[in-house]
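Work through the exercises below with the structure open beside you. Try each task before reading its solution.

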Amino acid sequence: MTFIDCHVHISDKYFFKRIDDLLLDWNEYNVEKIGAVATNLRESQRNLEIAKKYPSIILAGIGRHPWGAHKFSEQELMIFQGVAKNPEVAFIGEVGLDHYHFKEKERWEQQNQVFEQFIEIANNSKKSLMLHLTGAEEEIFEILSSSKLNVNFCCHWYSGSEKTLKKLVDLGGYFSINPNFKRSRKHRRVLDLVDQHKLLTESDGPVKFQGEQGTPKLMPLLCKEIAKELMIQPDNFAEIVKENYENYLRN
Ligand SMILES: [Zn+2]
C-alpha cells in the first residue's frame with residue numbers, strides 16, 4: 001500500500017533546511033507522492049529545486065498564500081506568470097482567501113485581487129488549484145463559479161458551512177482531508193458529503209495536530225482512519241486516493 005500527501009509545506013524553512021534527511025525518513029512510510037505547496041515566490045522556487053532533485057516523489061506547487069497577499073507586487077506577478085508555464089510546475093497553490101485570520105475589508109480586496117490573478121495563471125497554464133478557504137468559503141465559491149475556471153481545484157482542510165460545501169461539490173471540487181477530521185465536526189462532514197472519488201489526503205506539515213507534527217509520515221494512519229469512517233478497506237481507499245490525485249492534477 002502506498003500513500004499520497006497532497007499538501008505539505010516542504011519549502012517552509014522548518015523542513016527545507018533538512019529536507020534531504022526528512023525525505024529519506026518519510027520514504028519509510030510508503031508515501032508515493034508529496035504535493036509541495038508554496039506561500040510565496042521564494043518557496044515556489046525552492047519547491048521547483050526540490051522537485052528537480054526528487055522528480056519521482058515531489059510535485060512542485062507555486063503561489064502566493066492569502067496571508068501575504070498585501071505584499072504581492074506587480075513584478076512578482078510577472079515572474080509567476082512566466083514560471084507557471086514551466087512543465088515542472090505541477091499545480092498552483094497554496095492560494096485563496098482568508099477572512100478568519102484577517103478581518104479588515106481592505107485586506108479582503110487585496111486577497112481577492114491576488115486570488116483572481118492566480119486563477120488566471122492556473123487557467124492559462126492548465127494547472128490545478130490548491131485552495132486555502134478559511135472563513136471565506138462562500139466568497140471562494142462565488143469567485144470560482146464566476147471565473148470560467150477550466151482547471152481542477154482542491155479545497156484544502158475545508159471547515160466551512162455545509163451549504164457552501166455542497167455548492168463546491170457541485171462545482172466539481174476535490175477535498176483534502178487531514179487528521180483534524182477526528183476533532184472538527186465541520187471537517188469531518190466532508191467525508192459524509194463528498195464522493196470518495198473526490199477525496200485526497202494531506203498533512204499540511206509542519207502544522208501540528210494535538211501536538212503531533214504534521215508530516216507525510218501520518219498518511220498510513222490517516223488513510224486507515226478515513227477508510228474506517230467510510231467503511232471500506234484501507235488499501236482500497238489508498239488506491240482510490242492515488243487515482244483521485246492523478247485525476248485532480250490532470251486538466
Ligand atoms: Zn497549507
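**Exercise 1. Place E94, then examine the peptide bond that leads to it.**

Step 1. E94 sits in strand β4. Strands (E, at least two residues) and helices (H or I, at least four) are DSSP runs, numbered from the N terminus.

Step 2. The model is predicted: local features need pLDDT of at least 70, side-chain atom pairs count only at pLDDT 80 or more, and totals for chains, interfaces and linings use all residues. Residues are numbered from 1 along each chain as its sequence is written, and side-chain values use heavy atoms, with hydrogens and water left out.

Step 3. Now take the bond from G93 to E94. This peptide bond is cis, with omega near 25 degrees.

**Exercise 2. Find another cis bond and a residue with positive phi.**

Step 1. Recall the background: most residues other than glycine have a negative phi, and most peptide bonds are trans.

Step 2. Go to G205. The peptide bond from G205 to P206 is cis, with omega near 5 degrees. P206 belongs to the loop between β8 and β9.

Step 3. Go to N30. Its phi is positive, about 60 degrees, although N30 is not a glycine. N30 lies in the loop between α2 (19–26) and β2.

**Exercise 3. Trace the sheet and the helix packed on it.**

Step 1. Write down the order. The open sheet has 8 strands, β1-β2-β3-β4-β5-β6-β7-β8, with parallel pairing. Two strands pair if DSSP finds at least two bridges between them.

Step 2. Find the edges. β1 (3–8) and β8 (199–201) each have a single partner strand, so one side of each is left without a neighbour in the sheet.

Step 3. Add the twist. From one strand to the next, it averages 25 degrees. Axes are lines fitted to C-alpha atoms, for helices over the stretch in contact, and angles run from 0 to 180 degrees between N-to-C directions.

Step 4. Check one pair. β7 (residues 174–177) and β8 are parallel and share 3 bridges. I177 has T201 in β8 as its bridge partner.

Step 5. Add α10 (residues 234–249). This helix packs on the sheet, and among the strands it touches are β1, β4 (89–96) and β8. Contact means heavy atoms within 4.5 Å. The direction of α10 makes about 105 degrees with that of β8.

**Exercise 4. Which strand and which helix does the salt bridge between E32 and K242 join?**

Step 1. Apply the cut-off: a side-chain nitrogen of Lys or Arg within 4 Å of a carboxyl oxygen of Asp or Glu. The whole structure has 12 salt bridges.

Step 2. In the pair E32 and K242, the closest N and O atoms are 3.5 Å apart.

Step 3. E32 is in strand β2 and K242 in helix α10, so the pair ties together parts that are 210 residues apart in sequence.

**Exercise 5. Sort the lining of the largest pocket by class.**

Step 1. Use these classes: Ala, Val, Leu, Ile, Met, Phe, Trp, Tyr, Cys and Pro are nonpolar; Asp, Glu, Lys and Arg are charged; the others, Gly among them, are polar.

Step 2. The lining has 6 nonpolar, 10 polar and 7 charged residues.
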